[in-house]
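Dear colleague,

I am passing on the structure we spoke about, and I would be glad if you could read the notes below alongside it.

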Amino acid sequence: MTAAPASLRSSRVTIGSSTTPLRHMPQLDGLRAVAAGMVLCYHFWGPGHQYVHLGGIGVRVFFVLSGFLITGILLQSRVRLDHGQTAAGIALRRFYIRRVLRIFPLYYLALAIAWYGKVPGAREGMAWHATYLSNVHFFLVNAVHHGQWGGRVGHFWSLAVEEQFYLVWPWVILFARRRWLPGIALGMAALGPVFRFIVFSTTGNDITSVLLLGCIDSLALGAYLAMTMLPEFKSHPLVRPIGTTVLWCGLLLFGAYQAAEQTGGFWVFRTVSFDLAVALAGVWLVARAAEGMSGLAGRALESAPLRYLGTISYGVYQSFPFLVFYSAASIAFAAVSWHLFEGPINRLKARFEYR
């Protein structure tokens with residue numbers, strides 16, 4: 001990869017500080033669109049499933065992005081809290097209000113549509129979906145009826161994981177000792193594979209990764225990346241930049257996973273390795289996009305159409321189970337949803353700025 005343009009080189013070290021807002025990283029919008037596209041391809045063009053699990057890759061990249069961005073926001077609140085510039089209650093309240101405005105309206109609208117339209121899998125688990133426990137519900141269903149979980153609302157598991165993470169992680173960032181945070185993030189990244197190994201080995205349930213602790217390595221590596229880019233952690237002994245070694249570890253592990261996948265065996269290894277492999281490669285990719293890639297990749301991620309699709313990707317993700325005719329239908333639905341429904345609600349977040 002060539003050097004970043006001069007306009008981006010000055011921001012390579014930091015994503016913000018206690019005195020500046022989290023800067024906008026346009027290439028992350030494009031990367032979000034690419035991840036959403038992978039999920040669409042997985043659901044709409046099934047023949048590719050036997051070669052590469054694009055949907056699983058896309059969701060894990062989403063998790064890395066979420067861990068990175070949410071942790072960056074929370075760490076800035078933590079710095080202001082440590083300097084007496086805000087109170088813990090105010091920081092928590094603003095965080096949760098902004099998350100509710102961003103996530104709840106469209107999610108519960110999608111649930112209402114699923115209920116009214118009798119979408120397969122919606123009514124049977126409505127109480128679980130309404131309380132963001134879809135992933136637990138699917139895990140339990142799969143334990144009894146192997147492979148028969150989810151239906152058209154199977155994607156709700158990842159939304160449940162995100163919401164569960166949002167409920168817990170702010171308390172860790174705001175109240176744990178700051179010097180412990182990098183160690184906590186790395187420990188969580190190690191916990192994910194261990195949890196998958198133990199639970200799959202003891203239960204045989206092959207969707208262990210739909211549980212929060214089953215995919216926590218993706219979120220935790222994104223969180224760790226945020227710490228590497230904030231100047232407040234520059235001198236911490238556990239904080240190191242995400243370099244190409246991380247990428248190669250991820251690619252080699254993914255290659256081993258793919259080889260095992262083609263044999264049809266090695267179930268424990270496959271269950272343990274997939275999330276970690278994608279998360280390692282994904283955190284490198286997010287780091288490069290956050291800094292600003294140059295060349296063709298950077299220009300593609302910064303293109304207006306791709307960034308726009310990234311902006312409305314939440315609507316795409318909500319709509320595709322109901323509009324399975326063509327990807328364009330989901331994108332059109334998401335665009336209308338963003339401009340007429342999500343956008344006006346999201347503008348209310350300006351009343352609850354973190355600063």
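What follows concerns one pair of helices and some of the aromatic rings.

Please keep in mind that this is a predicted model. The axes of helix H3 (residues 54-82) and helix H4 (residues 88-116) come within 10 Å and cross at roughly 160°; since angles over 145 degrees count as roughly antiparallel, H3 and H4 are therefore roughly antiparallel to each other. Their crossing is right-handed. On the H3 side the contact is made by Ile 70, Leu 74, Ser 77 and Leu 81, and on the H4 side by Ala 88, Ala 91, Phe 95 and Arg 99, a set that divides into six nonpolar residues, one polar and one charged.

Turning to the rings, the structure holds 16 aromatic pairs. One of them joins Phe 95 and Tyr 166 in an edge-to-face arrangement, with 6.4 Å from centre to centre and 80° between the planes. Because Phe 95 lies in helix H4 and Tyr 166 in helix H7 (residues 156-175), this pair ties together parts that are 71 residues apart in sequence. Phe 95 is buried, with a relative accessible area of 1%, and Tyr 166 is buried as well, at 7%. Ring pairs link Phe 95 and Tyr 166 with Tyr 96, Phe 165 and Trp 169 into a cluster.

Another pair is formed by Phe 254 and Tyr 257, whose ring centres are 5.9 Å apart and whose planes are at 35°, so the pair is tilted. Both residues lie in helix H10 (residues 244-263), three residues apart, which is about one turn of the helix, and both Phe 254 and Tyr 257 are buried.

With best wishes

Conventions: Residues numbered from 1 in each chain as written. Predicted model: local features only at pLDDT ≥ 70, side-chain atom pairs only at ≥ 80, totals over all residues. Heavy atoms only, no water. Axes fitted to C-alpha atoms, helices over the stretch in contact; angles between N-to-C directions. Helix = DSSP H or I, 4+ residues; strand = E, 2+ residues; numbered from the N terminus. Parallel < 35°, antiparallel > 145°, perpendicular 65-115°, else oblique. Left-handed = near helix turned anticlockwise from the far one by under 90°. Contact = heavy atoms within 4.5 Å. Nonpolar A, V, L, I, M, F, W, Y, C, P; charged D, E, K, R; others polar. Phe/Tyr/Trp six-rings, centres within 6.5 Å; stacked < 30°, edge-to-face > 60°. Buried < 20%, exposed > 50% of the residue type's maximum accessible area, 1.4 Å probe, protein only.
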